[in-house]
Every structure is written in structure tokens, then in C-alpha cells.
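The following exercises are meant for a reader who meets this structure for the first time. Each task is followed by a solution that proceeds step by step.

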Amino acid sequence: FSGSPVFGGYAEYMRGAWQWRLSYAQLRFENDFPVTELREGLLASGIPSAAIAADALSVAGKRVDYYSAGVVYDKGPLQAQLMLGRTTHESPVFEDSVSGYGLLGYRFSSLTPYAGYSFARSSAKFLDTGLPDAVPQFAALNAAVESAMGRSHVDQNSVFLGVRWDVQPNVALKVQWDRVRGSSDSTAFVQGEREDWNGETDVLSLKLDFVF
């Protein structure tokens, strides 16, 4: 990502207990990802469709667009949030995705228990190399292309429960449990997973926020 320009902006509207926000950001890759050997293998096949696929695997100069929309309600003891986002990639190497979360909390004096749900889904893309799987070396190249494109795949959801304790006006302690469930091929947010990983994760976190 070094040298890749990013720009964006947002529009926000607040009225009473309601707050709405729309935002957009764009990133343009300056450099290629490390798939040089794969691209060289496709080019070495001498098949025009494989050369086109090799060119498609380049991300340099390609764009990523991020869109999001959200609404927050905060009045008295009640807090509610809803956020939705979409990411689109000009390059076929990365899958386009949608994500979002909802949260509902209720204050009891200095304690605020809350619950929520979040999800992330991406749609698979297909890159035809035109190489026949009947040839072992071509089958290996096709598998490598499929593996490279699947690294951005995500298909998971989370249910989370937590409680925030406002210890003082400038100190807050938060405990949260996340129950993450997804398909075993959902690897976008996970690196170095075990082969027998079933896509399920539970996370317990303890967080202290303070300002001074």
C-alpha cells in the first residue's frame, strides 16, 4: 500500500436525538501485490487467454471504492446504531463485499448493557485462464489463480454482548463477548488459520477508555 493515494469525505446531519452519515472513500493501488511468479507462469503458457488473466491479476493503478451509511439514535437511556457498508474492487483479485452492524444499548445509571449483530459477505469472482486442467502444470496454475483470488473471501457474522461501566466522567470500562460464526473458507480477516478451522471463533475482550 506504500504510496497508494486515498481520499474521501462524508456528509453528516444531526437533528435532536438522531444522527445520519453518508461517507465515501477511494484508494488507488500504486504497487502490485506479490503474485509475480503466478503472472509469469500464465504468460509462459503462450495462451492468449492466460496472458489476459495475467494482466488482470495486476492491481497497480486499480481502484477500490468504499461506501457507507449509518444512523444513530441517542436519547435518555436508549442508544441505537445501524451501519451498512459496501466495498467494490476494480481488480478481479479482490472480491466485492457488503457489511454492516446493529447495536442496541440501555443505560442504567453508570452501567450500559448492550447487544448487537454484525455481518460481512463477499461475492466470488471468476477469472478464466483458458488453460485446460487436463495438463498437470496448467491445472496447478488454475489452482494458484483460484487460491490468490480466494484470499479476500469473507462470509461470517457475529453476535456480541457487552456492558460499559462509566467509572468516572473521563474513565470507562467495557467487557464484551463476540460469538463469530462463518464458513471455513472465510479467510479475509484470518491469517495463518489451522487446516481444521471450522470458521467459528469466540472473543472475550476487556477495554479501558480514558481521556485526560
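The model is predicted, so local features need pLDDT of at least 70 and side-chain atom pairs count only at pLDDT 80 or more, while totals for chains, interfaces and linings use all residues. Residues are numbered from 1 along each chain as its sequence is written, and side-chain values use heavy atoms, with hydrogens and water left out.

**Exercise 1. The environment of Gly70**

Determine in which strand Gly70 is found, and whether Gly70 is buried or exposed.

Step 1. Gly70 belongs to strand β3, residues 63–75; strands (E, at least two residues) and helices (H or I, at least four) are DSSP runs numbered from the N terminus.

Step 2. The relative accessibility of Gly70 is 13%. Buried means under 20% relative accessible area, exposed over 50%, and partly exposed in between, with a 1.4 Å probe and protein chains only. Gly70 therefore counts as buried.

Step 3. Contact means heavy atoms within 4.5 Å. Apart from neighbours within four places in sequence, Gly70 is in contact with Gln19, Trp20, Arg21, Leu82 and Met83. Gln19 lies 51 residues from Gly70 along the chain, yet their C-alpha atoms are separated by 8.2 Å.

**Exercise 2. Strands β6 and β7**

Which residues do Ala115 and Arg164 touch, leaving out those up to four places away in sequence?

Step 1. Ala115 lies in strand β6 and is partly exposed at 33% relative accessibility. The residues that Ala115 touches are Gly102, Leu103, Leu104, Phe160 and Leu161. Between the C-alpha atoms of Ala115 and Gly102 the separation is 8.5 Å.

Step 2. Arg164 is found in strand β7, residues 155–168, and is partly exposed with a relative accessible area of 36%. Arg164 touches Ser110, Leu111, Thr112, Tyr114, Ala172, Leu173 and Lys174. Thr112 is 52 residues from Arg164 along the chain, with 5.0 Å between the C-alpha atoms.

**Exercise 3. The loop residue Ser109**

Where is Ser109 found, and what is the value of its phi?

Step 1. Ser109 sits in the loop between β5 (96–106) and β6 (111–123).

Step 2. Its phi is near 60°, a positive value in a residue other than glycine. With a relative accessible area of 75%, Ser109 is exposed.

**Exercise 4. Aromatic pairs**

How many aromatic pairs does a search of the whole structure find, and why is the pair of Phe210 and Phe212 called stacked?

Step 1. Rings of Phe, Tyr and Trp (its six-membered ring) pair if their centres lie within 6.5 Å; planes under 30 degrees apart count as stacked, over 60 as edge-to-face and the rest as tilted.

Step 2. The search finds seven aromatic pairs. Phe210 and Phe212 have ring centres 5.9 Å apart and planes at 25°, so this pair is stacked. Both residues are exposed.

Step 3. Ring pairs also link Tyr13, Trp18, Trp20 and Tyr73 into a cluster.

**Exercise 5. The chain as a whole**

Describe the arrangement of helices and strands, and state how spread out the chain is.

Step 1. The chain has three helices and nine strands, in the sequence order β-β-α-α-β-β-β-β-α-β-β-β.

Step 2. The radius of gyration, taken over C-alpha atoms, is compared with the globule rule, 2.2 Å times the number of residues to the power 0.38. The chain has 22 Å, well over the 17 Å that the rule gives for 212 residues, so it is more spread out than a compact globule. The C-alpha trace spans about 70 × 40 × 30 Å along its principal axes.

Step 3. Of the 212 residues, 32% count as buried.
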